[in-house]
Amino acid sequence: MKDTIYTIPLTDAFKAEDECPFCFIKRKLEQDAISFILGSAYMEEDIREVTDQIGFCAEHYKKMYDYGNRLGLALMLHTHYTKLQQELCQKLEHFCPETQGLMTKLKKLTGTAAPSSNPMSSWIKEKHEACYICDAMDKNFSRYMDTFFYLMSHNDDFKPLFLNCKGFCLPHFGEVLSLSENKLSDKQKETFYPILFDKMQSHFKRLDEDIAWFIDKYDYKNTHADWKTSKDAIPRGIQKLAGIYVQDTSFKEK
Ligand SMILES: [Zn+2]
Ligand SMILES: [Zn+2]
């Protein structure tokens with residue numbers, strides 16, 4: 001594996017001084033996927049076949065609505081509806097209610113019956129969760145994770161970027177940890193884990209201190225004191241915990 005198309009964006013993300021380089025990558029992947037699908041990709045037959053079949057999740061319907069190109073969105077919705085109605089029609093034809101045995105009736109009476117999971121509700125759940133944009137992001141994101149571990153082991157210019165970064169958000173810390181088990185040799189783990197754990201602890205502490213100073217600034221005695229690095233402590237503090245950018249405005253078509 002040589003340098004790939006993922007190397008430069010990943011290096012840029014580590015240079016961005018973000019609270020988490022992987023959040024930075026994920027936001028870029030999401031914006032790329034939204035502008036790709038609503039740019040002109042929705043007019044391509046093979047891509048449209050996929051969006052007709054799987055549609056989008058609730059979060060990405062909202063983000064596509066905010067982005068713009070309402071005609072493009074309407075065209076995708078229209079053919080997705082057509083496909084969905086065909087499938088729904090088939091499912092309803094084959095739908096048969098569950099028959100209730102004595103035990104089920106008893107459980108219902110005592111209020112201990114588990115919610116039923118017939119094929120129809122499983123299909124609806126599957127439809128609700130499927131998303132073209134989430135799939136595209138997940139696929140590319142795992143390539144970035146692979147590239148991270150590759151560069152860590154093979155590229156001496158990348159290592160200082162990792163050493164100087166602010167660590168990761170909690171969800172991406174979890175992902176890095178679970179992947180590192182397979183991606184790194186036992187010898188590599190001996191050096192990687194202590195650096196990673198130390199980094200996570202020191203940067204959680206730094207954020208906690210930023211938040212504490214943000215609170216102290218509300219004390220009248222500190223009205224004229226410097227904000228130091230606390231002005232945006234809340235959005236950065238939330239990102240470190242949840243991997244989201246609460247301060248971002250809607251991503252819109254240019
Ligand atoms: Zn993150
Ligand atoms: Zn989605």
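Which side chain meets that of Lys240 in a salt bridge? Glu19 does, and the views below take you from the whole chain to this pair.

**View 1. Two domains in a predicted model.** Welcome to the chain, shown here as a predicted model. The domain assignment splits the chain into domain 1, made of 1-95 + 119-155, and domain 2, made of 166-246. Their C-alpha centres are 28 Å apart. Where the two meet, 18 residues of domain 1 are in contact with 20 residues of domain 2.

**View 2. The area buried between the domains.** Together, domain 1 and domain 2 bury about 1,600 Å². Carbon and sulfur atoms account for 65% of that area. On the domain 1 side, look for Glu19, Cys23 and Phe149: these residues supply 44% of the area that domain 1 buries against domain 2, more than any other three residues.

**View 3. Salt bridges and polar contacts.** Here we return to Lys240 and Glu19, whose side chains form a salt bridge with an N to O distance of 3.3 Å. Across the interface of the two domains, 4 salt bridges are found. Polar contacts between domain 1 and domain 2 number 9 residue pairs.

**View 4. The side of domain 1 that touches domain 2.** Two helices each give two or more residues to this side: H2 (21-39) and H8 (132-154). Helix H8 gives the most, with 7 residues. By residue type, this side of domain 1 has 11 nonpolar, 6 charged and 1 polar.

Terms used. Residues numbered from 1 in each chain as written. Chains lettered and ligands numbered in written order. Predicted model: local features only at pLDDT ≥ 70, side-chain atom pairs only at ≥ 80, totals over all residues. Heavy atoms only, no water. Domains from an automatic or database assignment. Contact = heavy atoms within 4.5 Å. Buried area = accessible area lost by both parts, 1.4 Å probe. Polar contact = N/O pair within 3.5 Å; in protein donor to acceptor, adjacent residues only side chain to side chain. Helix = DSSP H or I, 4+ residues; strand = E, 2+ residues; numbered from the N terminus. Nonpolar A, V, L, I, M, F, W, Y, C, P; charged D, E, K, R; others polar.
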